[in-house]
Amino acid sequence: MVTLTSRFLERLALEDAVLVSVHATRGSVPRETGAWMAVFAQSTVATVGGGRLELDAIGHARAGLMHGALAAGQGEETVRYALGPSLGQCCGGEVHLRYERVTARDAARLSQRLASAQVPVALFGGGHVGRAVIAVLGTLPMAVHWIDSRDEIFPDQIPANVRCEHSDPVQAAVADLPADSRVLIMSFSHAEDLDVVAACLARQRERGDLPYVGLIGSQTKWASFRQRLQARGFSEAEMALITCPIGVPGIADKRPEVIAVAVAAQLLQVPVDQG
């Protein structure tokens, strides 16, 4: 699957661009700080919010490609946009857009920079629901670590923002997850699920750096797990950190594709660490 970043970098290998990014905001605005758009002479990749703001940004970026300091490859500039009075957009807030000319020589730096903006997610389990979740997360700004104890389970084609790991025992992978990872647990067996949950709770006790740990299953499954985790020495307060069932509430459909959308929506609700 081709991501926006890979599309941008592939095009950048052929021609220069201006990278437009949301540098700062105030009030109601269409996109958050860090959102970006690549502007080429005849095309664009991604978006900073659409409407008149984006139209003016594209025009300004293309002028920069042809004239002035940006055309000479010198530095960058930041422009303030008042959405209400100057652009007639009903958001009414204020956006500061950063313009920087980029070339093929910047590809490695940009790849690292844009990847660092992705939210880390660890998915344990390569079954039907796991594959459906991967299909959804592959379209989102997330860096997904897909883990299973069965090496042959992973498909040949995976999204560009997903990397696969065979881990046996599967819970051993928990220790090396990036800080601030969101964890989804949906392996092929309850025994593996329990071991991964226990490993996550042990890491939380030590480091406290997993903002979301979600376990697929019913309330009955979780009640059984709570008893077993209690026997392993975990407290009620520690077990309260686990989300089970997973997915935004109110969706009764259990098809893998529907669960995947509900789970992705719940992940998007988890606050991002700005530190």
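Guide: Two strands pair if DSSP finds at least two bridges between them. This model is predicted.

Visitor: How many bridges join strand β9 to β10?
Guide: Strand β9 covers residues 182–185. In β10, R182 has Y212 as its bridge partner. The two strands run parallel, and the number of bridges joining them is four.

Visitor: Which residues of β10 are buried on each side?
Guide: Side chains in a regular strand alternate between the two faces of the sheet. Strand β10 spans residues 212–215, and both its faces are covered. One side holds Y212 and G214; the other holds V213 and L215.

Visitor: What is the strand order in the open sheet of six strands?
Guide: Pairing in this sheet is parallel. Its edge strands are β8 (162–166) and β11 (242–243), each pairing on one side only. Inside the sheet, β6 (residues 119–124) pairs with β9 over four bridges. The full order is β8-β7-β6-β9-β10-β11.

Visitor: Which residue of β9 stands opposite L123?
Guide: β6 and β9 pair in the parallel sense. In β9, the residue facing L123 is L184.

Visitor: At what angle to β9 does helix α6 run?
Guide: Helix α6 takes in residues 190–206. The helix lies across β6, β9, β10 and β11. Its angle to β9 is about 160°.

Visitor: What is the order of the five strands in the other open sheet?
Guide: Here the pairing is antiparallel. β3 (44–46) and β4 (76–82) each have a single partner strand, so one side of each is left without a neighbour in the sheet. From one strand to the next, the twist averages 20°. The order reads β3-β2-β1-β5-β4.

Visitor: Which residue is the bridge partner of V79 in β5?
Guide: β4 and β5 (residues 94–102) run antiparallel. Seven bridges join them. The partner of V79 is L97.

Visitor: What angle does helix α2 make with β5?
Guide: Helix α2 (residues 51–66) packs on this sheet, touching β1, β2, β3, β4 and β5. Helix α1 (residues 4–12) packs on the sheet too, touching β1, β2, β3 and β5, with its direction at about 155° to that of β3. For α2 and β5, the angle is about 30°.

Visitor: Which residues of β2 point one way and which the other?
Guide: β2 pairs antiparallel with β1 over four bridges, and L19 stands opposite A38. With β3, β2 shares three antiparallel bridges, and M37 stands opposite A46. All of the β2 residues in question are buried. W36 and A38 point one way; the other way point M37 and V39.

Visitor: How many residues lie between β2 and β3 in their hairpin?
Guide: The two strands run antiparallel. Between them in the hairpin, the residue count is four.

Visitor: Is P30 buried, partly exposed or exposed?
Guide: P30 sits in the loop between β1 and β2. Buried would require under 20% relative accessible area, and exposed over 50%. The relative accessible area of P30 is 30%, so P30 counts as partly exposed.

Visitor: How far apart in space are P30 and A179?
Guide: In sequence, they are 149 residues apart. C-alpha to C-alpha, the distance is 29 Å.

Visitor: Is E238 buried or exposed?
Guide: E238 is found in helix α8 (residues 236–239). Leaving aside neighbours within four places in sequence, E238 contacts L201, R205 and G233. The cut-off for burial is under 20% relative accessible area. E238 has 17%, so E238 is buried.

Visitor: How much space lies in the second largest pocket?
Guide: The lining has 16 residues, with P245, I246, I251, K254 and I259 nearest the centre. By class, ten are nonpolar, four polar and two charged. The space comes to about 290 Å³.

Visitor: What percentage of the chain's residues count as buried?
Guide: The chain has nine helices and eleven strands. Its C-alpha trace spans about 70 × 40 × 35 Å along the principal axes. Of the 275 residues, the buried share is 45%.

Visitor: What share of contacts with a separation of 6 or more comes from residues 24 or more positions apart?
Guide: Contact here means heavy atoms within 4.5 Å. The share from residues 24 or more positions apart is 58%.

Conventions: Residues are numbered from 1 along each chain as its sequence is written. This is a predicted model: local features need pLDDT of at least 70, side-chain atom pairs count only at pLDDT 80 or more; totals for chains, interfaces and linings use all residues. Side-chain values use heavy atoms; hydrogens and water are left out. On a 1 Å grid over the protein atoms alone, a cavity is a set of points where a 1.4 Å probe fits but cannot get out, and a pocket is an open set with protein on both sides within 12 Å along at least five of seven lines; lining residues have an atom within 4 Å of a point. Grid points are joined across faces, edges and corners, and a volume is the space filled by probe spheres set on the points. Ala, Val, Leu, Ile, Met, Phe, Trp, Tyr, Cys and Pro count as nonpolar, Asp, Glu, Lys and Arg as charged, and the others, Gly among them, as polar. Axes are lines fitted to C-alpha atoms, for helices over the stretch in contact, and angles run from 0 to 180 degrees between N-to-C directions. Buried means under 20% relative accessible area, exposed over 50%, partly exposed in between (1.4 Å probe, protein chains only).
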